[in-house]
Amino acid sequence: MQKELSSLTNEELLTEYQRTGKLDVKQELVMRYVYIVKSIAIQMRDVYISFAQIEDIVNEGVLVIMSALDKFDPEKNVKFETYISKRIKGMVIDMARKQDWIPRSVRKNARDIDEVTTKLYNELGRYPTPEEVAGYLHMSVEKYQEAQRKTTLYNVLSLDLVLDEGSENKRSVYLPSRDEDEQPELNFLKRESGKILAEGIKALKENEQLVISMYYVDELNMKQIAEVLSVSEPRVSQIHANAVKKLKTYLQKEYGEEKR
């Protein structure tokens, strides 16, 4: 039986599992897709390094895959790899938010880098180099780049938090159901949040829209986006940070929240 399973493609195995629900088929699928968990765990290690080990993320990710196998709907024209990747990333972000991952030092660095970058831009008439910003802040370029990376994660988590809190503020009583897709009210709120976010993105500058699209939709990393736009990686990080801040402010305004 194991030989027969190993000869099947991933798509054939998915079809077989949805048809039979057999445990051995599920186990084979989990083993085939665990590489995605490991890859995401490595990519997002800065998010959880202060409270978890990579093995913890892999273990939780395996549970996500097992759950996703029972909920995946191939008729929605989404690849299973894409489906579980988003769910695993969401799991890591949820863990980070529950652990209050964002320390004061990261928040302070985010403010300092933003203020110095703006100050130098006004003085120089161009975006400053990493060396110029790092020198002004009396830190090494390596430390500056690490702060930039953590600041990017901070902005992503902050935007995610605003969306979540905004939805909660408008939430009503849900119809009893185990499946979120069967809850009309929740679906409506998700669509409403999506429309508000889309309007906020339209208000961004063209280069900010491109970076947001390539980072969140195409799932390119900062280095790849820099190559596409023919700019430096720090410049992409700066564009991304500015875009996320604008979106966060826009969403807070739409949800009637005071700026924090």
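Which residue forms a salt bridge with Lys26, and how far apart are the closest N and O atoms? The partner is Asp70, and the gap between those atoms comes to 3.0 Å. Keep in mind that this is a predicted model, so everything here is read off computed coordinates.

**The overall build**

The chain has 13 helices and zero strands, so to speak an α element at every step from the N terminus on. Of its 260 residues, 37% count as buried. The accessible surface adds up to about 15,900 Å², with 51% of that belonging to carbon and sulfur atoms. As for contacts with a separation of 6 or more, 60% of them come from residues 24 or more positions apart.

**Salt bridges**

Back to the charged pairs. In total there are five salt bridges in the model, and three of them are set out below.

| Pair | Closest N to O | Where the residues lie |
|---|---|---|
| Glu16 and Arg19 | 3.0 Å | both in helix α2 |
| Asp70 and Lys26 | 3.0 Å | helix α5 and helix α3 |
| Glu208 and Lys246 | 2.9 Å | helix α11 and helix α13 |

The Glu16 and Arg19 pair is a local affair: these residues sit three places apart, about one turn of helix α2. Residues three or four places apart on an α-helix point the same way, because there are 3.6 residues to a turn. Glu16 is partly exposed, with a relative accessible area of 21%, while Arg19 is exposed at 61%.

The Asp70 and Lys26 bridge links distant parts of the chain, with the two positions 44 residues apart in helices α5 and α3. Is Lys26 buried or exposed? Its relative accessibility is 12%, and the cut-off for buried is under 20%, so Lys26 counts as buried.

Further along, Glu208 pairs with Lys246. Glu208 belongs to helix α11 (residues 206-217) and Lys246 to helix α13 (residues 233-254), so this bridge ties together parts 38 residues apart in sequence. Glu208 is buried, at 5% relative accessibility, whereas Lys246 is partly exposed at 37%.

**The nonpolar cores**

Now for the greasy side of things. The largest nonpolar core has 31 residues, and those touching the most other members are Leu29, Tyr33, Ile65, Leu69, Phe80, Ile84 and Ile88. Helices α2 (10-20), α3 (23-43), α4 (45-48), α5 and α6 each put in at least two residues. The largest share comes from α3, which supplies nine.

Apart from this core lies another one, of nine residues, including Val116, Ala134, Met139 and Tyr144.

Leu69 is a good residue to click on in the viewer. Which residues is Leu69 in contact with, leaving aside its neighbours within four places in sequence? They are Leu14, Tyr17, Lys26, Leu29, Val30 and Phe80. Two of the names turn up elsewhere: Lys26 is the salt-bridge partner of Asp70, and Phe80 belongs to the aromatic cluster described next.

**Aromatic rings**

There are four aromatic pairs in the structure. In one of them, Phe72 and Tyr83, the ring centres are 5.4 Å apart and the planes meet at 50°. Planes under 30 degrees apart would count as stacked and over 60 as edge-to-face, so this pair is tilted. Phe72 is in the loop between α5 (54-71) and α6 (80-98), and Tyr83 is in helix α6, so the pair ties together parts eleven residues apart in sequence.

How do the two rings' residues fare for cover? Phe72 is buried, at 10% relative accessibility, and Tyr83 is partly exposed, at 21%. Both belong to one aromatic cluster, together with Tyr33 and Phe80. Tyr33 and Phe80 are also among the residues that touch the most other members of the largest nonpolar core.

**A two-faced helix**

Last stop is helix α12 (residues 222-229), where the buried residues are Met222, Ile225 and Ala226. Looking down the axis of α12, these fall within an arc of 105°, so they line one face of the helix. What does the face turned away from the buried side carry? There you find the exposed residues Lys223, Glu227 and Val228. Just after α12, Ser230 takes a positive phi of about 60°.

Methods:
Residues are numbered from 1 along each chain as its sequence is written. This is a predicted model: local features need pLDDT of at least 70, side-chain atom pairs count only at pLDDT 80 or more; totals for chains, interfaces and linings use all residues. Side-chain values use heavy atoms; hydrogens and water are left out. Buried means under 20% relative accessible area, exposed over 50%, partly exposed in between (1.4 Å probe, protein chains only). Helices (H or I, at least four residues) and strands (E, at least two) are DSSP runs, numbered from the N terminus. The arc is that of the directions from the helix axis to the C-beta atoms. Rings of Phe, Tyr and Trp (its six-membered ring) pair if their centres lie within 6.5 Å; planes under 30 degrees apart count as stacked, over 60 as edge-to-face and the rest as tilted. A nonpolar core is a set of buried Ala, Val, Leu, Ile, Met, Phe, Trp, Tyr and Cys residues joined through side-chain atoms within 4.5 Å. Contact means heavy atoms within 4.5 Å. A salt bridge is a side-chain nitrogen of Lys or Arg within 4 Å of a carboxyl oxygen of Asp or Glu. Accessible areas come from the Shrake-Rupley method with a 1.4 Å probe; for residues, only the protein chains shown count as cover.
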